[in-house]
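Visitor: I am new here and would love a tour. Could you take me through this structure one step at a time?

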Amino acid sequence: MKNIAENHIINSNSETKSNMAKDTFFYLPAKIIEGIVGIITLSVYTNFFTTEEYGNYNLAIVTVNITALVLLGWLFQSAYRYINNFTGEKNIKIFYSTIFAGWTVVSIPAVVISLIALFFVKSRFSTHTTYLVLLSIAMFLTYSMTQILFSMLGAARVLRLNLILSVMSAIFKLAITVLLFKFSNIVPISAIISIVVVDLAVSIIIISRLKIYQYINISLFSREIMSKFIKYGTPLVGVSLSLSLLNYSDRYIIKLFLGSSGVGIYAANYTIASSVFTMLLFAIMRGVYPNILKMWKQNEIKRTEELLSHAVRFFLLITVPAVVGISILSPVISKILDPLYIEGSSVIIWVSTGMFFLGLTEYNNKAWELTSSTGIIFRN
């Protein structure tokens, strides 16, 4: 009987590792395609926009990302971490109702306050800048919603829909921007409009496809579960804010000393490296983490530790060659942009190296995430 049990554990372990590898390499091709589309998009944008316009566009994107992370990062993380803990129709309804109530309670006041603030300061802005800020407020709503929905798709291992929407989202954002630019020549507003439209469409598709609307009932909102989400996710807001300061504050410093044009040159080269590694890190983590969560839920601590170790090997196998390759080829890669941007090619080397270590820390943090000891992560 002991041998049978041991064989069952070994077979189960092998199957889980196989699922991790399968999911990772299922994600990778799609994410590589998405990365290629991202590089093409960057090349198109740097040809359409002046360095100053691209700098302003990047600052708008960064500001929305930081705001969403600070205000709703705890909810993104909680949705991803706990979705598989709720089984049965009633529990699922409670989960979805609590998640979307939390999003509404945070998002709507944030938008109202932003609009009031814009009303009082818009006289200092040009008409173009005012429209850019208005669209950025709309982008906050659609971006934050898609982040929650994609988190839940990833954790629930709805791989096919997740990947199709990710790739098509990148393609349609580029296509709509090109069309708007050709017919109206409004930049960078055209790029922001495309993001809002596509993210809204993606949210509608996910909600319709998974019939999430059937599970949302405000009367099923749970204070207990919301408290659990806040306790788990709030320290991770501090983590997100720390990462945002490290990853994005440089744009504002460059803006102060070199203007929007300097931001544009820097950000374009930064984006080349960050988009490649974001896709790689995302593919690997989405491939391995749901399986690790599943094992942890079964109280298999030793097997969870083994899977984490296996995941780190996956990570090193894929990312070390990528760092070396992109660093060596950085001047060549930078040439896909307009010649005005090539002077910032050395940025690619530093960002690639930084993204590698950032990814490595993600795996170091997983043990604390699994035990919901997120305060330690924030402290670190």
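What follows is a set of questions and answers, going from the whole chain to single residues.

Visitor: What kind of model is this, and how are its residues numbered?
Guide: This is a predicted model, in which local features need pLDDT of at least 70 and side-chain atom pairs count only at pLDDT 80 or more, while totals for chains, interfaces and linings use all residues. Side-chain values use heavy atoms, with hydrogens and water left out, and residues are numbered along each chain, as its sequence is written, from 1.

Visitor: How many helices and strands does the protein chain have?
Guide: Helices (H or I, at least four residues) and strands (E, at least two) are DSSP runs, numbered from the N terminus. From that end on, the elements read α-α-α-α-α-α-α-α-α-α-α. The count for the protein chain is eleven helices and zero strands.

Visitor: What is the radius of gyration, and what does the globule rule give for 380 residues?
Guide: Starting from the eleven helices and zero strands of the protein chain, we can ask how they are packed overall. The radius of gyration is taken over C-alpha atoms, and the globule rule is 2.2 Å times the number of residues to the power 0.38. The chain is as compact as a globular protein of that length, because its radius of gyration is close to the rule's value: 21 Å against 21 Å.

Visitor: Which share of the 380 residues is buried?
Guide: A residue is buried under 20% relative accessible area, exposed over 50%, and partly exposed in between (1.4 Å probe, protein chains only). In the protein chain, the buried share of the 380 residues is 50%.

Visitor: How much surface does the protein chain expose, and what part do carbon and sulfur atoms supply?
Guide: Accessible areas come from the Shrake-Rupley method with a 1.4 Å probe, and for residues only the protein chains shown count as cover. The protein chain exposes about 18,500 Å², and the part supplied by carbon and sulfur atoms is 67%.

Visitor: Among contacts between residues at least 6 apart in sequence, what share joins residues at least 24 apart?
Guide: A contact means heavy atoms within 4.5 Å. Of the contacts in the protein chain between residues at least 6 apart, the share joining residues at least 24 apart is 83%.

Visitor: Does the length of α6 fit its residue count, and what is the distance between its end C-alpha atoms?
Guide: The expected span of a helix is 1.5 Å times one less than its number of residues. Helix α6 (residues 189–209) has 21 residues, so it should span 30 Å. Its end C-alpha atoms agree with that, being apart by 30 Å.

Visitor: What phi does Lys211 take?
Guide: Most residues other than glycine have a negative phi. Lys211 lies in the loop between α6 and α7 (223–297), and at 41% relative accessible area it is partly exposed. Although Lys211 is not a glycine, its phi is positive, at about 55 degrees.

Visitor: Is Tyr82 buried or exposed, and which residues does it contact beyond its neighbours in sequence?
Guide: Tyr82 is in helix α2 (residues 51–82) and counts as buried because its relative accessibility is 4%. Its C-alpha atom is 8.5 Å from that of Phe229, 147 residues away along the chain. Leaving aside neighbours within four places in sequence, Tyr82 contacts Phe95, Lys228, Phe229, Tyr232 and Ser372.

Visitor: Which residues does Arg81 touch?
Guide: Arg81 also belongs to helix α2, and its relative accessible area of 8% makes it buried. Not counting residues up to four places away in sequence, Arg81 touches Tyr232, Tyr289, Leu293, Trp296, Glu369, Leu370 and Ser372.

Visitor: Which residues does Ala79 touch?
Guide: Ala79 lies in helix α2 and is buried, with 0% relative accessibility. Apart from residues up to four places away in sequence, Ala79 touches Phe95, Ile99, Ile148 and Met152.

Visitor: Which residues does Thr130 touch?
Guide: Thr130 is part of helix α4 (residues 127–155) and counts as buried at 14% relative accessibility. Beyond residues up to four places away in sequence, Thr130 touches Leu118, Lys122 and Phe125.

Visitor: How far apart in space are Ile32 and Ser275?
Guide: Ile32 lies in helix α1 (residues 2–48) and is partly exposed at 47% relative accessibility. Ile32 and Ser275 are 243 residues apart in sequence, and their C-alpha to C-alpha distance is 9.9 Å.
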